[in-house]
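This report goes through one protein structure by topic. The sequence and the model come first, and the notes follow.

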Amino acid sequence: MHTCYIVGAAPQAVRIAPQAGDFTIAADGGLHHLQAWGVEPDYLIGDMDSLQSELPSGISHVKYPAEKDDTDLALALEEALRRGYTRVVLTGCTGGRADHTFANLQLLVQAAKRGVQAVMLDEDYTLTALVGPGELTLQSHGTVSVFAYGERAEGVTITGMKYEIANETLYGDVPRGISNELDGTGTVAVERGVLLVYQMKTTPSRYACHPSTVRNCQLS
């Protein structure tokens with residue numbers, strides 16, 4: 001099973017390296033990141049308001065009006081799902097406007113609720129959403145934080161970290177799950193509700209994300 005990469009225009013983009021069979025979507029100005037990396041997208045989507053020149057030739061694309069209900073990244077995610085991808089890596093989604101970052105967190109939750117393994121890459125961290133009943137395995141060293149998305153997340157179990165809990169409830173207005181410590185392999189599980197799982201990048205040089213098991217996204 002292959003991975004769909006979605007690249008947005010926000011500044012905190014992490015260079016990707018698609019493999020044979022993967023699919024890469026530029027969400028509007030995300031095209032600039034891909035061009036800088038020497039990666040040609042398979043598809044370009046959005047209202048194109050971030051592109052300063054004519055659309056490049058030879059790239060399949062669809063242009064939407066500027067006044068639309070969905071963001072460019074939401075359109076890109078919908079295109080990935082329409083094409084049948086169940087593993088998605090998003091980058092260029094953070095570090096710009098805070099409202100767009102919040103909107104992109106909603107997209108992570110939307111993807112998880114639709115059975116898609118999605119991870120968002122930033123220069124400093126990764127984010128993913130976990131919908132109950134579900135379990136996530138994390139591998140690396142450093143800080144891991146979990147947040148209830150919505151009113152509550154029930155049956156939350158965290159193992160293999162400094163602070164472990166079993167079958168507890170986390171609430172959307174109480175940041176109890178912040179700043180746990182991972183040293184090796186740990187798991188996060190939830191029975192009901194949604195968790196956002198944050199993992200800090202521990203070295204400034206590179207990411208080692210394995211898209212074939214996006215839920216096991218490793219930082220090194």
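## Asn-104 in helix α3

Asn-104 sits in helix α3 of this predicted model. The residue has a relative accessibility of 5%, and because buried means under 20% relative accessible area, Asn-104 counts as buried. Leaving aside residues up to four places away in sequence, Asn-104 touches Leu-73, Cys-93 and Met-120.

Met-120 is 16 residues from Asn-104 in sequence, and the C-alpha to C-alpha separation of the two is 8.8 Å. Cys-93, another of the residues touched by Asn-104, is buried, with a relative accessible area of 2%. Leu-73, also touched by Asn-104, is among the buried residues of α2.

## Helix α2 and its cover

How many of the 11 residues of α2 are buried? Nine are, so the helix is largely enclosed by the rest of the structure. The buried residues of α2 are Asp-72, Leu-73, Ala-74, Leu-75, Ala-76, Leu-77, Glu-79, Ala-80 and Leu-81.

The cover over these buried residues includes the strands β1 (4-7), β2 (23-27), β3 (43-46) and β5 (87-91), together with α3. After α2 comes Gly-84, with a positive phi near 90°.

## The largest pocket

The largest pocket holds about 450 Å³ of space. Its lining consists of 23 residues, and those closest to the centre of the pocket are Ala-9, Ser-50, Thr-71, Asp-72 and His-100. Two elements, α2 (72-82) and α3 (98-113), give two or more residues to this lining. Helix α3 gives the most, with three residues. Asp-72 is thus close to the pocket centre and also one of the buried residues of α2.

Sorted by class, the lining of the largest pocket has 11 polar, six nonpolar and six charged residues.

## Backbone exceptions

Most residues other than glycine have a negative phi, and most peptide bonds are trans. Ser-140 has a positive phi, near 160°. This serine is in strand β8 and is buried, at 8% relative accessibility. Asn-167 also has a positive phi, near 55°. Asn-167 belongs to strand β9 (residues 165-171). Is Asn-167 buried or exposed? With a relative accessible area of 59%, Asn-167 is exposed, because exposed means over 50%.

The peptide bond from Gly-132 to Pro-133 is cis, with omega near -5°. Pro-133 is in the loop that links β7 (125-131) and β8 (134-161).

## Overall fold and surface

The secondary structure comes to three helices and 11 strands. Along the sequence these elements follow the pattern β-β-α-β-β-α-β-α-β-β-β-β-β-β. Among contacts with a separation of 6 or more, 59% are between residues 24 or more positions apart.

Of the 220 residues in the protein, 49% are buried. The exposed surface is about 10700 Å², and carbon and sulfur atoms supply 48% of that area.

## Cysteines

The structure holds zero disulfides. Cys-4 is buried, with 0% relative accessibility. Cys-93, as noted for the surroundings of Asn-104, is buried at 2% relative accessible area.

How values were computed: Residues are numbered from 1 along each chain as its sequence is written. This is a predicted model: local features need pLDDT of at least 70, side-chain atom pairs count only at pLDDT 80 or more; totals for chains, interfaces and linings use all residues. Side-chain values use heavy atoms; hydrogens and water are left out. On a 1 Å grid over the protein atoms alone, a cavity is a set of points where a 1.4 Å probe fits but cannot get out, and a pocket is an open set with protein on both sides within 12 Å along at least five of seven lines; lining residues have an atom within 4 Å of a point. Grid points are joined across faces, edges and corners, and a volume is the space filled by probe spheres set on the points. Helices (H or I, at least four residues) and strands (E, at least two) are DSSP runs, numbered from the N terminus. Ala, Val, Leu, Ile, Met, Phe, Trp, Tyr, Cys and Pro count as nonpolar, Asp, Glu, Lys and Arg as charged, and the others, Gly among them, as polar. A disulfide is a pair of cysteine sulfur atoms within 2.5 Å. Buried means under 20% relative accessible area, exposed over 50%, partly exposed in between (1.4 Å probe, protein chains only). Contact means heavy atoms within 4.5 Å. Accessible areas come from the Shrake-Rupley method with a 1.4 Å probe; for residues, only the protein chains shown count as cover.
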